[in-house]
Amino acid sequence: MRDSKDACAFDDLIERLTEGDMTELEAKGGSTTESMTLDDIAALLVQLEPNDVEDLAAIRGRLDGLADDPSVGNPAIRKLLREAAKKIAVTIDAPIEEAAPALASACRLVTAASSIQRPSDHGPGLPAPNELSDREVAAVAAGPVVVPPPPPPPPEVEGVPPEKKKYSASVVLCPPDVDIAVVGEFVTECLDYIASAEGALLALENDPYDKESIDTVFRAFHTIKGVSAMLEMTAITHLAHQAESLLSPVRDGSAKFVAITANLSLRSVDMIKACMDKVQEILNGGAPACPDGYDDLLHELAHPEAAAKSGGNIQTPGEAPPPPQPSLLATPKPAAAPAPAPVAAAAPVASHAAAPPPPPGPVGGHPVQAAPPPRPVAAAPAAAAPAAAAADEPTETKKRPEQRKGESAVESSIRVRTDRLDRLIDLVGELVIAHSMVAQDDTLLHGANHDLVKKVTHTGKIVRELQDLSMSLRMVPLKSTFQNMQRVVRDVARKCGKLVDFVTDGEDTEIDRNMANLISDPLVHMVRNSVDHGIEVPEVREKNGKSRSGRVRLAAYHASGNVIVELSDDGGGLDRDRIFRRAIDKGLIDGNKVLSDNEVYNIIFEAGFSTKEAVTDVSGRGVGMDVVRRNIEALKGRIEITSQLGVGTTFLIYLPLTLAVTDGMLVRVGNERYIVPTVSINMSLRPEQRQLSTVSGRGEMLILRGSLIPIFRLHRLFEINHAVEDPTQGLVVIVNDGGQHCGLLVDELLGQRQVVAKTLGAGLGRVEGVSGGAILGDGRVGLILDPAGIVNLARHSGLL
Amino acid sequence: MAADPKAHALAQRKLEAAGKYLTFFLESEEYGIPILKVQQIIGVTSITVVPRTPHYVLGVINLRGKIIPVIDIRRKLDMSPVEPSEANCIIVVKSNNIEMGMYVDRVSEVLLVTPEDIEDTPFFGGQVSTEYLVGIAKTQGRVRLLLDIDKALSTSELMQMQATFGGGLDSD
């Protein structure tokens, strides 16, 4: 069903459709493109950025199609649409500063067209204009507001005006499967934004031309919209989007910030706040319903002119009154709030009465059955969603009540500046050292003061606990990182027309906060690759006797002092021969060499390597995997691949527990001590004379199991006196430098240490061969070596 | 009248240079650095030598969990080394937001320098480098050399050195 690329692109578009009434849209005929109303297209255009070229092209195609479609009766509409398509074409080629206005005019054109079309949808309304002169069309394109005067709404048949939709029935305030921790973060963040928006709005009332304040408010709504959309809290998304649209012309300078704008914006702010309260209530087990007045506000936001004209400020009982707007408040209309969504009331009953459990998939009783809605949960009425969850994931529902117990499900947290946190951790580390110095003092070890020993031991316990706690301050679970991947999988799978099940495991595994941020980008690359390159299209999978949908699994766990992130797919696996041939073609390797499987697989980490024949926007440019490896190595981690052709590929990313603590081997050279990161050490050995040979009397080499390894003398590179000169008397530490091995000559190994890596201070800048320093157990500074830097240094200095 | 702008500039400089100074000895010479730049004075602790740094960088020390570099101001000023003594100490200064240690023979006192006390650095010709001095203060019959700490501890030379040595890794 999703074989044509176009269909995929449009699916994508429809999902972005946070605007517009989804139920209505779907009811018209499933998720195909034909069902997109002009309103929907206009809404999409508002949300698209000029750089969403692919989506814009798709919309343009659709508009062109409509413009040429004789079944669209009104020539004026067709004319407007053709003009809009032209504008979009401009957008696609133009530089960004020209593209944005063109996009805006395209949007206006479509809106205008839809407003002409709309009355005819409702039966015989007032005659819509049938002809539009070019000048009129141009005016629409340029004009700040919808130009063709919207004909007065047809006479009301029943109490509710026809276009007054029950917004609250089609949106979800808080999806049932949402992560409480994430929502908690969102709520905190949201309240921050709301506070700043409120302040800015009040400032705007005094100075309506304050560009900065407008931007602040706009940004607040925009961010809230984005995050809530990600969390599938469509109620908030919807609201924020409308508020944003209201302010958009003000921001462009095409409209003034007037009292009604201020009023509506502030009410939106209040409503978002009310939604936040409601969300917390829902998380604590409250009924999932939008706050009172939600529908009215949305209605007014959608039709601000109407609200301004009538002076109608549908004030909802219980709602905090907006800031003084006497003229508006003077004639309050009686609250015409429709009874909170009948669907919402009906659904819980349905879920109880559902003796034969509804089939998994789309919610039973939902108007759309023919085609699965793109986002079942989001599209489903708020209360029906729990029913779906109950039917689909019994385990999930069992878990929920437990989580909801307790005082407040949303944990309170405060934000702390990271530099303060780092300083605290530094000081605790220092305290540990200072304490161990006291504890090992001679007077204590050999003294007879039993009382003092007891006191010091007690302090030691507290210090250790403090240290554990301070280390945990920086740790965060991988959960949110993994959740972002879910989205990546979904998007890429749709783009490529593949079916993918995404499974995560061990998402509670904690890693250093910085690392969680830094691992995200490489993971996105890898997950995209897994879906794009790894998983086959359903037809191929079927032919190979696999299930139609592929499986991508992301897991994290602790093993041998590392955090391991495992990404596996059951796709086609790496094709050894193909990689090998490609690598030869690209001149990355020598064709005559015999390589092990692992060596071949590692080629995919080379810069510029890609086996994908066609470059798509998903992957295939050959950048990515080399960046992935570099990023992971920058985190002092490493990556391994195992793969079986036709069965799948597994990537293992080994990460240190925390960035702050480095596992290192303390080595001695002369009187100096250095720390070599354990991740880069392969082995260490005392060579025998017969294993050593030289090139032109200087370049020293070690023959180890048939391979030649260059030896660099640390004491010569670092000009250290009194060090061991004879390699057979010292030790050679074999380190790997990005795939190549080399040996470093040191005097002896002093043992393994866990150290807190620090910079050597800005005053010194970067020192070649040294990646940083660490405070050793005796309070002195030890330098942490950077093997790659040392090799680089040795090669350039000619000191071999 | 023609000398007026010049004299004005000089007066301005003197005014700026005036203030409280921490003075310290290098051999028999007494130097001063603005007290506001001084963070603390610590005794000499064990210094870890950092390889491949300029000769005047003694190494790095552990300052309560922070690692800071220590510079031998004698070597920076091209003075001959002396035997270490009990009075040696490290003045931790913050210049351009960078903390650094300054290894000195011994600290002397905190001194208030008025604009009238300050005289321009005389010119000695090529042999004696005066580029790190902002001026000379004559108080209580003694001469104090006022150090331009930002310049004296400037890391531009370090940066230059890195540019020559460390180009290779950046491209990775």
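Colleague: Which side chain does Glu542(A) meet in a salt bridge?
Modeller: Keep in mind that this is a predicted model. Glu542(A) is partly exposed, with a relative accessible area of 45%, and its partner also counts as partly exposed, at 36%. The N to O distance of this salt bridge is 3.2 Å, and a salt bridge needs such atoms within 4 Å. The side chain that Glu542(A) meets is that of Arg548(A).

Colleague: Is Glu244(A), the salt-bridge partner of Lys225(A), buried or exposed?
Modeller: Let's start with the pair: the closest N and O atoms of Lys225(A) and Glu244(A) are 2.8 Å apart. Lys225(A) sits in helix H10 and Glu244(A) in helix H11 of chain A, so the pair ties together parts that are 19 residues apart in sequence. Lys225(A) counts as buried at 10% relative accessibility. Glu244(A) has a relative accessible area of 6%, and under 20% means buried.

Colleague: Which strands of chain B does the pair Glu119(B) and Lys138(B) tie together?
Modeller: Those two form a salt bridge, with the closest N and O atoms 3.1 Å apart. Glu119(B) is in residues 118-119 and Lys138(B) in residues 133-139, so the strands to name are S9 and S10.

Colleague: How exposed is Lys138(B), buried, partly exposed or exposed?
Modeller: Its partner Glu119(B) has 37% relative accessibility and counts as partly exposed. Lys138(B) comes out at 46% relative accessibility, so the word for Lys138(B) is partly exposed.

Colleague: How many salt bridges does the rule find across the interface of chain B and chain A?
Modeller: A search of the whole structure gives 29 salt bridges over all chains. The contact between the chains takes 30 residues from chain B and 33 residues from chain A, and the two bury about 2600 Å² between them. Across that interface, though, the number of salt bridges found is 0.

Colleague: What about residue pairs in polar contact across that interface, how many are there?
Modeller: Of the area that chain B and chain A bury, 61% is on carbon and sulfur atoms. Polar contacts do turn up across the interface, counting pairs with both residues at pLDDT 80 or more, and the number of pairs is 3.

Colleague: On the side of chain B that touches chain A, how many residues are nonpolar?
Modeller: Several elements of chain B supply at least two residues each to this side, including strand S4, strand S5 and helix H4. By class, this side has 5 charged and 9 polar residues, and the nonpolar ones number 16.

Colleague: Where in chain B does Asp78(B) lie, and is it buried or exposed?
Modeller: Asp78(B) has a positive phi near 60°, and it is a residue other than glycine. It lies in the loop between helix H2 and strand S6 of chain B. At 65% relative accessibility, Asp78(B) counts as exposed.

Colleague: Ser85(B) is in the loop between H2 and S6 too, so which residue has its backbone nitrogen 3.1 Å from a polar atom of the Ser85(B) side chain?
Modeller: Ser85(B) is partly exposed, with a relative accessible area of 40%. Its C-alpha is separated by 9.8 Å from that of Val44(B), 41 residues apart along the chain. The backbone nitrogen at 3.1 Å belongs to Ala87(B).

Colleague: Is Ser530(A) buried or exposed?
Modeller: Ser530(A) has its place in helix H24 of chain A. Leaving out residues up to four places away in sequence, it touches Ile535(A), Leu567(A) and Asp569(A). With a relative accessible area of 3%, Ser530(A) is buried.

Terms used
Residues are numbered from 1 along each chain as its sequence is written. Chains are lettered from A and ligands numbered from 1 in the order in which they are written. This is a predicted model: local features need pLDDT of at least 70, side-chain atom pairs count only at pLDDT 80 or more; totals for chains, interfaces and linings use all residues. Side-chain values use heavy atoms; hydrogens and water are left out. Contact means heavy atoms within 4.5 Å. Buried area is the accessible area (1.4 Å probe) that two parts lose on being put together, summed over both. A polar contact is a pair of N or O atoms within 3.5 Å; within protein, one must be able to donate a hydrogen and the other to accept it, and residues adjacent in sequence count only if both atoms are side-chain atoms. Helices (H or I, at least four residues) and strands (E, at least two) are DSSP runs, numbered from the N terminus. Ala, Val, Leu, Ile, Met, Phe, Trp, Tyr, Cys and Pro count as nonpolar, Asp, Glu, Lys and Arg as charged, and the others, Gly among them, as polar. Buried means under 20% relative accessible area, exposed over 50%, partly exposed in between (1.4 Å probe, protein chains only).
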